[in-house]
Amino acid sequence: MTPTIPQDEQSRLWNGSAGEAWSALQSPLDTLFEGIEHHLAQAVAQGADLQILDVGCGTGATALAAAARLTGHGHCLGVDLSAAMIERARQRAAQTRLPVSFQVVDAQQLSGRARAFHRIQSRFGVMFFEDPVAGFGSLRARVRDGGELHVVTWRGRAENPFMTLANRVAAPLVPTLPTARPDAPGQFALADATRIRAVLAASGWRDRVLEPLDLPCAMPLSALESYVTRMGPLGQVWDSLDVRLQQRLRTELLDAFQDFVVGDRVCFVAACWDIRARR
C-alpha cells in the first residue's frame with residue numbers, strides 16, 4: 001500500500017497520511033486482517049515465557065494477540081515508525097493487563113537489544129526495508145541463538161486483485177497517483193519467492209521455510225468507502241483532488257468493489273507468504 005520511497009521518506013509517510021489512515025480505520029482493518037493476526041498468535045505456545053519483537057506493529061493487534069499467550073517474564077515489544085499508530089496501540093494496551101509495550105522506532109535501529117528476543121514476528125511490516133538484506137540482517141542480530149523469525153508478507157499483485165483494484169480504477173484519472181517498482185519498498189516488495197529466499201540466505205537466517213498462505217478476509221460494508229479513499233497511494237493524494245473528481249472516483253470505486261461485497265460485508269482472500277526461519 002506504500003509507494004517507492006527512501007527509508008526517511010517512509011518515516012514521513014507513516015507519520016502523515018498513511019499512519020493517520022491506519023489509526024482512523026483501526027477497527028475495520030483489525031477485523032479485515034484478524035485471520036493473519038490469529039495465524040501469527042497461534043505460533044506462540046499458550047503460556048510461553050518468551051521475549052517477542054513485533055515489527056511494524058501498527059496499532060498493536062498482533063502484538064496484543066501474542067502478549068495474550070505469554071506468562072512468567074514473557075513480554076512483547078511492538079515497534080513502528082508511526083507515532084499515531086503507536087499512540088493508538090498504547091491506548092489499547094492501557095485497557096489490558098497484558099505484558100506488552102510499544103515504541104516509535106525503526107526496528108533496524110533498536111539500541112541495546114542485541115540477541116534480546118526469542119521470536120520476531122510481523123504482519124505486513126517487513127516489506128518496507130530500503131535494503132532488505134541489511135534489514136533482515138539487523139533483525140537477526142536481535143534474536144537469541146535458535147530464535148525464530150515468523151513474518152507474513154503479500155504475494156503478487158495478480159493474486160491479490162482486491163489490494164490493487166483502487167489503483168487500477170484511479171490510475172487513468174489521477175496522473176499524480178504514486179507508483180512503485182516491483183522490488184522497491186512497499187506492499188509487494190517481497191512478492192517474489194526467489195527474492196525472499198535470497199534475502200534470507202544473504203542475511204544469515206537458517207532453517208528457512210516459505211509457504212503460500214491464503215486466508216479469508218472480511219470487513220463491514222460500511223467501512224468500504226473510507227477504505228478505498230483513505231488507504232494506499234490513492235489515500236495519499238485524495239485530499240488534493242478536485243471535489244468533482246472525488247465524487248466521480250467514489251462512485252466508480254464503490255461500483256468496482258461490488259464484486260467483493262457479500263451481504264453487509266466486503267470479502268476477499270489474502271494471498272500471502274508465510275515465512276519462517278531461525279538464527
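The following dialogue explains the terms applied to this predicted model.

Visitor: How confident is the predictor in the chain, in terms of mean pLDDT?

Guide: The mean pLDDT of the chain is 94, and 97% of its residues reach 70 or more. Over residues 1-6, however, pLDDT stays under 50. Where pLDDT is low, the predicted coordinates should not be read in detail. The model has 33 contacts beyond four places in sequence for residues 1-6.

Visitor: Why is Ser-82 called buried?

Guide: Buried means under 20% relative accessible area. Ser-82 has a relative accessible area of 0%, and therefore it is buried.

Visitor: Where is Ser-82 found, and which residues does it touch?

Guide: Ser-82 is in the loop between strand E2 (75-80) and helix H6 (83-94). Leaving aside residues up to four places away in sequence, Ser-82 touches Trp-14, Asn-15, Gly-19 and Val-104.

Visitor: What makes the approach of the Ser-82 side chain to the backbone nitrogen of Met-85 a polar contact?

Guide: The side chain of Ser-82 reaches that nitrogen of Met-85 at 3.1 Å. The cut-off for such a pair is within 3.5 Å, so the distance of 3.1 Å satisfies it.

Visitor: Why does Phe-124 count as buried, whereas Asp-207 is called partly exposed?

Guide: Phe-124 has 11% relative accessibility, which is under 20%, and so it counts as buried. Asp-207 has a relative accessible area of 48%; partly exposed is the class between 20% and 50%, and therefore Asp-207 belongs there.

Visitor: What is the sign of phi in Phe-124 and in Asp-207, and where do these residues lie?

Guide: Phi of Phe-124 is near 60°, a positive value in a residue other than glycine. Phe-124 lies in the loop between strand E4 (117-123) and helix H7 (132-141). Phi of Asp-207 is near 50°, also positive in a residue other than glycine, and Asp-207 lies in strand E6 (residues 206-220).

Visitor: What lines the largest pocket?

Guide: The largest pocket holds about 480 Å³ of space. Its lining has 30 residues, and the closest to the centre are Met-163, Thr-164, Asn-167, Gln-187 and Pro-233. Helix H8 (161-170), helix H10 (224-230) and helix H11 (232-237) each give two or more residues, and H8 supplies the largest share, five residues. The lining divides into 21 nonpolar, seven polar and two charged residues.

Visitor: How do you know that Trp-238 is nonpolar and Asp-239 charged in the lining of the second largest pocket?

Guide: Trp-238 and Asp-239 are among the residues lining that pocket. Trp counts as nonpolar and Asp as charged, so each residue takes its class accordingly. The lining as a whole divides into three nonpolar, five polar and three charged residues.

Notes
Residues numbered from 1 in each chain as written. Predicted model: local features only at pLDDT ≥ 70, side-chain atom pairs only at ≥ 80, totals over all residues. Heavy atoms only, no water. 1 Å grid on protein atoms, 1.4 Å probe; cavity = no way out; pocket = protein on both sides within 12 Å on 5 of 7 lines; lining within 4 Å. Points joined across faces, edges and corners; volume = space filled by probe spheres on them. Helix = DSSP H or I, 4+ residues; strand = E, 2+ residues; numbered from the N terminus. Buried < 20%, exposed > 50% of the residue type's maximum accessible area, 1.4 Å probe, protein only. Polar contact = N/O pair within 3.5 Å; in protein donor to acceptor, adjacent residues only side chain to side chain. Contact = heavy atoms within 4.5 Å. pLDDT = per-residue confidence, 0-100.
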